[in-house]
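Me: Please take a close look at one part of this model. I would like the side-chain pairs there, and then how that part fits the rest.

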Amino acid sequence: YRDDDDINDVASMAGVNLNEESARIMATNSDLVGTQIQSCKDEPFLAAIPLHKRILETAKKLGITDVPAEVVTFISHATQSRLRTVIEKVTVITQHRMESYKDDEWYEQATDVRSQLKFFEQLERLEKQRKDEQEREILLKAAKSRSRQEDPEQARLKQKAKEMQQQELAQMRQRDANLTALAAIGPRKKRKLDSPGLLTIGGEGLAVSGGGQAGVGTPSSRQYARQKITRVNLRDFIFYMEQERETSHSLLLYRALLK
């Protein structure tokens, strides 16, 4: 049988020494050999006791009296997964809403609604100013008239003109008082922004470095990267519920639309 063993030994025919290969593998992964790997502790996402009570209350209505702890853990993990999915989708919707295409060379601005609204607001302001000027002229004419027989309408216009003059005089006095107060205060100095890691105490800078050492008057040279915050509003969440099949006809969506 020795000849058959030599023929069937494919490793020897290929020139591979299994003992050398085993020794090489053991030398390469020597830090991993003999180590013990343990799984992380399974911690539920929701509080187990209140969730178990809530599940029992719902189960009793369906005729179920016993709910094992594995069901509570499974529902907790399912809630965590569902919440993560919702947050990821709503975050994508918010990021799409916040995207700006003004600087993109492939987009050309066709209409500017904001400029149109500003133009209409300016027209309304000019129209209101013109009407106020006309009313002011009428009141001034009524106040300067010295007719002996005055009707009630003429007396009302005179009283209104007097009130308007008193109001204008009060506004002028208030404006003069504000200007006087600003002149007494003097020019305002712009406050310098404190650098990251610089704590101002009593007018002196106390910079704390990463190694725990503190120096007076020396700002920290370490630059902190500003984290980008994505703010989700109710409109984004409503759009998400409208796109989902489970929530497109739900009562929660109609309640959110009524707010």
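What is the relative accessibility of E127, and does that count as buried or exposed, or as something in between?

Reply: E127 has a relative accessibility of 32% and counts as partly exposed. The cut-offs are under 20% relative accessible area for buried and over 50% for exposed, with partly exposed in between; the probe is 1.4 Å and protein chains only are considered.

Some ground rules come next. This is a predicted model: local features need pLDDT of at least 70, side-chain atom pairs count only at pLDDT 80 or more, and totals for chains, interfaces and linings use all residues. Numbering starts from 1 along each chain as its sequence is written, and side-chain values rest on heavy atoms, with hydrogens and water left out.

Start with the partner of E127. E127 forms a salt bridge with R130, and their closest N and O atoms lie 2.3 Å apart. A salt bridge here is a side-chain nitrogen of Lys or Arg within 4 Å of a carboxyl oxygen of Asp or Glu. Why are E127 and R130 about one helical turn apart? Because they sit 3 residues apart in helix α6, which covers residues 113–144. Helices are DSSP runs of H or I with at least four residues, strands are runs of E with at least two, and numbering goes from the N terminus. R130 is partly exposed, at 40% relative accessibility.

Helix α6 holds another such pair. D132 and K128 meet through their side chains in a salt bridge, 3.3 Å from N to O. These two are 4 residues apart in helix α6, again about one turn. D132 is partly exposed, with a relative accessible area of 37%. K128 is exposed, at 56%.

A third salt bridge leaves the helix. R136 pairs with E168, and the closest N and O atoms are 2.9 Å apart. R136 lies in helix α6 and E168 in helix α7 (residues 152–185), so the pair ties together parts that are 32 residues apart in sequence. R136 is partly exposed, with a relative accessible area of 31%. E168 is partly exposed too, at 27% relative accessibility. The whole structure holds 6 salt bridges, including the three described here.

Now the pocket at these helices. R136 and E168 line the second largest pocket, and D132 is there as well. The other lining residues are E135, L139, K160, E163, M164, Q167 and Q171. Helices α6 and α7 each supply at least two residues of this lining. Helix α7 gives the most, with 6 residues. By class, the lining divides into 2 nonpolar, 2 polar and 6 charged residues. Nonpolar covers Ala, Val, Leu, Ile, Met, Phe, Trp, Tyr, Cys and Pro; charged covers Asp, Glu, Lys and Arg; the others, Gly among them, are polar. About 190 Å³ of space lies in this pocket.

How is a pocket set out? On a 1 Å grid over the protein atoms alone, a pocket is an open set of points where a 1.4 Å probe fits, with protein on both sides within 12 Å along at least five of seven lines; lining residues have an atom within 4 Å of a point. Grid points are joined across faces, edges and corners, and the volume is the space filled by probe spheres set on them.

The largest pocket holds about 260 Å³ of space. Its lining is Y101, K102, Y107, E108, Q109, T111, D112 and R114. That makes 2 nonpolar, 2 polar and 4 charged residues.

Last, the wider chain. It has 9 helices and 3 strands. From the N terminus, the order is α-α-α-α-α-α-α-β-β-β-α-α. Buried residues make up 11% of its 259 residues. V86 is one with a low value: at 13% relative accessibility, V86 counts as buried. V86 lies in helix α5 (residues 69–98). Leaving aside residues up to four places away in sequence, V86 touches F237 and Y240. Contact means heavy atoms within 4.5 Å. V86 and Y240 are 154 residues apart along the chain, with 8.4 Å between their C-alpha atoms. Among chain contacts between residues at least 6 apart in sequence, 42% join residues at least 24 apart.
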